[in-house]
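Hello,

Here is the structure I promised to pass on to you. Please have a look at it first, and then read my notes below.

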Amino acid sequence: PPRALTAGARGTGVTHGLADFLAQEELDRYEGFWISPDAKQVAFERVDESHIPQFRIMHSGSDSVGDGAEEDHRYPFAGKGNPNVQLCVVSTDATSAVA
């Protein structure tokens with residue numbers, strides 16, 4: 001059955017296994033984790049964006065109004081700090097999630 005291999009990234013400005021904004025927009029890379037050929041390890045991208053301010057994006061022309069027509073994202077503006085990215089590896093045999 002599916003289970004968490006990592007912990008500590010929910011709601012903190014830190015993500016595990018998701019490609020960061022710059023990788024998606026500038027490198028056209030949307031994956032943030034990779035499974036080894038024998039499925040015994042998973043490499044994942046740990047991204048810390050906690051130092052990057054949130055920016056509200058409005059969906060102009062949307063049928064929705066209010067909260068349904070906007071999203072908040074951490075957006076690295078030109079000349080400001082970028083996300084801190086680490087490549088981590090975790091064993092799929094681990095008995096508890098790795099932080």
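Is Glu45 buried or exposed? In this predicted model, Glu45 has a relative accessibility of 3%, so it counts as buried. What makes this residue worth a look is its partner: the side chain of Glu45 forms a salt bridge with that of Arg29, at 2.8 Å from N to O. The two come from distant parts of the chain, 16 residues apart, with Glu45 in strand E3 and Arg29 in the loop between H1 and E2. Arg29 has a relative accessibility of 24%, and because the cut-off for buried is under 20%, Arg29 counts as partly exposed.

The salt bridges

By the rule used here, the model has three salt bridges. Side chains of opposite charge can pair when their charged atoms come close. Besides the pair just described, Arg56 takes part in a network of salt bridges with Glu70 and Asp72.

Taking the two contacts of Arg56 in turn, the side chains of Arg56 and Glu70 meet at 3.7 Å, N to O. Arg56 belongs to strand E4 (residues 54-58) and Glu70 to strand E5 (residues 70-74), so this salt bridge ties together parts that are 14 residues apart in sequence. With Asp72, the closest N and O atoms of the salt bridge are 2.8 Å apart. Asp72 also lies in strand E5, so its pairing with Arg56 in strand E4 joins parts 16 residues apart in sequence. As for accessibility, Arg56 counts as partly exposed at 45%, and Asp72 counts as partly exposed at 38%.

Two backbone angles

Which way does phi usually point? Most residues other than glycine have a negative phi. Two residues here are worth checking on your screen.

- Asp28 is not a glycine, yet its phi is positive, at about 55°. Asp28 sits in the loop between helix H1 (21-27) and strand E2 (33-35). Its relative accessibility is 57%, so Asp28 counts as exposed.
- Ala39 is not a glycine either, and its phi is positive too, at about 65°. Ala39 is found in the loop between E2 and strand E3 (41-48). With a relative accessibility of 41%, Ala39 counts as partly exposed.

If you open the model, you could begin with Arg29 and Glu45, then turn to the network of Arg56, Glu70 and Asp72, and finish with the positive phi of Asp28 and of Ala39.

Best wishes

How values were computed. Residues numbered from 1 in each chain as written. Predicted model: local features only at pLDDT ≥ 70, side-chain atom pairs only at ≥ 80, totals over all residues. Heavy atoms only, no water. Helix = DSSP H or I, 4+ residues; strand = E, 2+ residues; numbered from the N terminus. Buried < 20%, exposed > 50% of the residue type's maximum accessible area, 1.4 Å probe, protein only. Salt bridge = Lys/Arg side-chain N within 4 Å of Asp/Glu carboxyl O.
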